[in-house]
Each structure stands twice: as C-alpha cells, then as structure tokens.
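Reader: I've just opened my first protein model and I'm a bit lost. Can we go through it together, one question at a time?

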Amino acid sequence: MDIQRIHHKISQYQKDGKRLFATSSFQTNSITLLHVLSRIDKDIPIYFINTGFHFPETISYKEKITRLLGIRVIDLFSHVPKVMQTNASGDLLFTFDPDYCCYLNKVQPVEKLMPQFDVWINGVRAAQNHIRKGVQEEQKTRDNILRYHPLLDWTNENVMAYMKYYDLPVHPLEAKGYKSIGCEPCTRPANGDSSRDGRWAGMKKTECGLHLGGGSSKVEAGR
Ligand code: SF4
C-alpha cells in the first residue's frame with residue numbers, strides 16, 4: 001500500500017510516452033483507485049463498461065464520484081445491440097449464456113479500445129479471490145498491452161482504512177448487504193468471506209473474463 005510508488009510508476013509511464021487508460025465498475029471499493037488516480041492525473045481516461053444492466057444506484061454513484069473527484073469518465077458500450085443478444089424466444093443472453101453475455105458487453109468493448117493505448121490500469125486485488133491471487137502487478141495481455149494493477153497487494157482492511165481516512169462515499173447498495181456489485185441480473189446480497197461473493201450466485205462463474213488470461217476472452221465474437 002505504497003501510494004508514492006504508484007505515483008512514481010504512473011509518472012514514469014507518462015514520461016516514457018505511454019498512453020494510459022483505466023477501467024472502473026464503480027462498485028464497492030472502486031473509489032479507492034479512482035481517488036488515487038485523481039491525485040496523480042485527473043486527465044487519465046476512466047472507462048465505465050456500461051452493459052445496460054447496472055443497478056440505478058451504480059449509475060448515480062458513478063455520477064456522484066465523477067463530480068466529487070473531477071475525473072474524466074467515459075461510458076463504453078457493446079457494439080452489439082441488445083435485440084441481437086437474445087434467443088428465438090426473446091430471452092436475453094444472461095439468462096442462458098452468461099459467459100457470452102459478459103464477452104459481448106464487457107470484454108469485447110475493452111478489446112476494441114486496446115489499440116489506442118499502451119497501459120491499462122485497473123483495480124484488481126489479490127485478496128479478492130483465488131483467481132486474482134495469481135495476477136502480477138504488471139502483466140502483458142494477449143493484445144500486447146501492459147496491465148498495471150496498482151492495488152494488487154491491498155487487503156480489504158487497507159481499502160477500508162483508505163476510504164475512512166479520506167472520508168470517501170460508499171456505494172449505496174453496501175448498506176443493503178451487497179459485497180460486490182456488477183450487473184443487476186447477476187448480483188445478489190451476500191454474507192460470505194470473499195469480497196466477490198454474490199456475483200453469479202449459484203453458478204460456477206466467478207469472473208466476467210476481463211481479468212482472466214491476460215485481458216482477452218477465449219470466446220469468439222460473432223458466435
Ligand atoms: S454480469 Fe450478467 S448481465 Fe452483466 S454482462 Fe455478465 S452475464 Fe451479462
């Protein structure tokens with residue numbers, strides 16, 4: 001939890017002429033990374049992967065944080081309209097193929113963004129689950145972009161202490177028992193030990209694919 005080191009790293013990328021971007025889901029704890037970045041450079045573009053399935057509380061939290069921190073937030077949408085994300089009965093993809101739904105709505109929009117940048121900053125932390133424990137602080141993706149995870153070694157306690165110290169606002173759904181907040185159809189309140197509990201409850205799925213295998217999904221587009 002070395003803020004100076006993060007500052008130094010980002011400044012060095014910028015001195016080296018690297019083009020930086022960050023992503024944020026504006027859920028519980030997201031504000032930590034956003035606050036750190038806002039104190040380094042408010043102009044780093046921060047992409048919100050807007051699936052169209054977020055809780056209204058997340059959208060209002062995003063707007064509140066954007067104003068509070070003065071950061072540059074850009075909504076990123078899927079290129080595939082929702083009418084083309086259904087089966088013959090009109091059911092949306094998340095009801096029968098959540099991996100492909102995550103691919104079209106989350107992974108693919110970021111993949112399309114990558115050629116414009118050199119470094120992708122995101123808030124993955126090793127303490128979040130066993131998959132994220134295997135992530136490195138800096139990691140090349142298959143798209144040849146460098147992922148930088150400045151908060152990788154931050155514990156849940158570190159995040160809480162940081163938020164308390166700077167008196168940062170919490171996501172409104174935390175008070176209703178949500179620990180990790182993604183799309184509304186795939187998120188439930190939870191009381192387990194993992195900070196990712198409540199995502200895709202009752203399924204084996206634990207990740208959307210953005211943070212698996214270096215940044216790209218193995219799912220093929222146009223399936
Ligand atoms: S979290 Fe659920 S609704 Fe959101 S993109 Fe993934 S499957 Fe679709």
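Reader: Which residues of β2 are buried on one side, and which on the other?
Author: Let's start with this strand, bearing in mind that the model is predicted. Both faces of β2 are covered, with Ile 46 and Phe 48 buried on one side. On the other side, the buried residues are Tyr 47 and Ile 49.

Reader: Okay, and what does Ile 46 touch, leaving out residues up to four places away in sequence?
Author: Leaving those out, Ile 46 touches Ser 24, Leu 34, Ile 71, Arg 72 and Val 73, among others. There's one more name on that list, and it turns up again in the strand pairing, where it stands opposite Ile 46. That residue is Ala 22.

Reader: Which residue of β4 does Ala 22 stand opposite?
Author: Ala 22 gets a partner in two strands. β1 is joined to β2 by two bridges, and these strands run parallel. β1 and β4 also run parallel, with three bridges between them. In β4, the residue opposite Ala 22 is Ile 121.

Reader: Which element gives the largest share of the largest nonpolar core?
Author: That core has 34 residues, and Ala 22, Leu 34, Leu 37, Ile 46, Val 107 and Trp 120 have the most contacts inside it. Elements giving two or more residues to it include β1 (20–23), α2 (30–38), β2 (46–49) and α3 (56–69). The largest share is six residues, and it comes from α4.

Reader: Zooming out, how many helices and strands does the protein have?
Author: You can follow them along the sequence as α-β-α-β-α-β-α-β-α-β-β-α. Put together, the secondary structure comes to six helices and six strands.

Reader: Is Asn 29 buried or exposed?
Author: Find Asn 29 in the loop between β1 and α2. Its phi is near 75 degrees, a positive value in a residue other than glycine. The cut-off for buried is 20 or more other C-beta atoms within 10 Å. Asn 29 has 25 of them within 10 Å, so it counts as buried.

Reader: And Asp 167, is that buried or exposed?
Author: Asp 167 sits in the segment after α6. Asp 167 isn't a glycine either, yet it has a positive phi of about 55 degrees. Because it has 6 C-beta neighbours inside 10 Å, Asp 167 counts as exposed.

Reader: How far apart in space are Asp 97 and Thr 86?
Author: Asp 97 is in the loop between β3 (73–76) and α4. With 17 other C-beta atoms within 10 Å, Asp 97 is partly exposed. Along the sequence, Asp 97 and Thr 86 are 11 residues apart. In space, C-alpha to C-alpha, the distance is 9.9 Å.

Reader: Which residues around the ligand are the closest?
Author: The ligand is surrounded by 13 residues. They divide into nine nonpolar, three polar and one charged. The closest are Pro 98, Cys 101, Cys 102, Cys 183 and Cys 186.

Reader: Last one: where is the pLDDT below 50?
Author: For the protein, the mean pLDDT is 88, and 87% of the residues reach 70 or more. One stretch falls below 50, though it has 23 contacts in the model beyond near neighbours in sequence. Where pLDDT is low, the predicted coordinates shouldn't be read in detail. The stretch in question is residues 214–223.

Methods: Residues numbered from 1 in each chain as written. Predicted model: local features only at pLDDT ≥ 70, side-chain atom pairs only at ≥ 80, totals over all residues. Core = buried A, V, L, I, M, F, W, Y, C linked by C-beta atoms within 7 Å. Buried ≥ 20, exposed ≤ 12 C-beta atoms within 10 Å, placed from the backbone. Helix = DSSP H or I, 4+ residues; strand = E, 2+ residues; numbered from the N terminus. Contact = placed C-beta atoms within 7 Å. Near = placed C-beta within 6 Å. Nonpolar A, V, L, I, M, F, W, Y, C, P; charged D, E, K, R; others polar. pLDDT = per-residue confidence, 0-100. Pairing = 2+ DSSP bridges.
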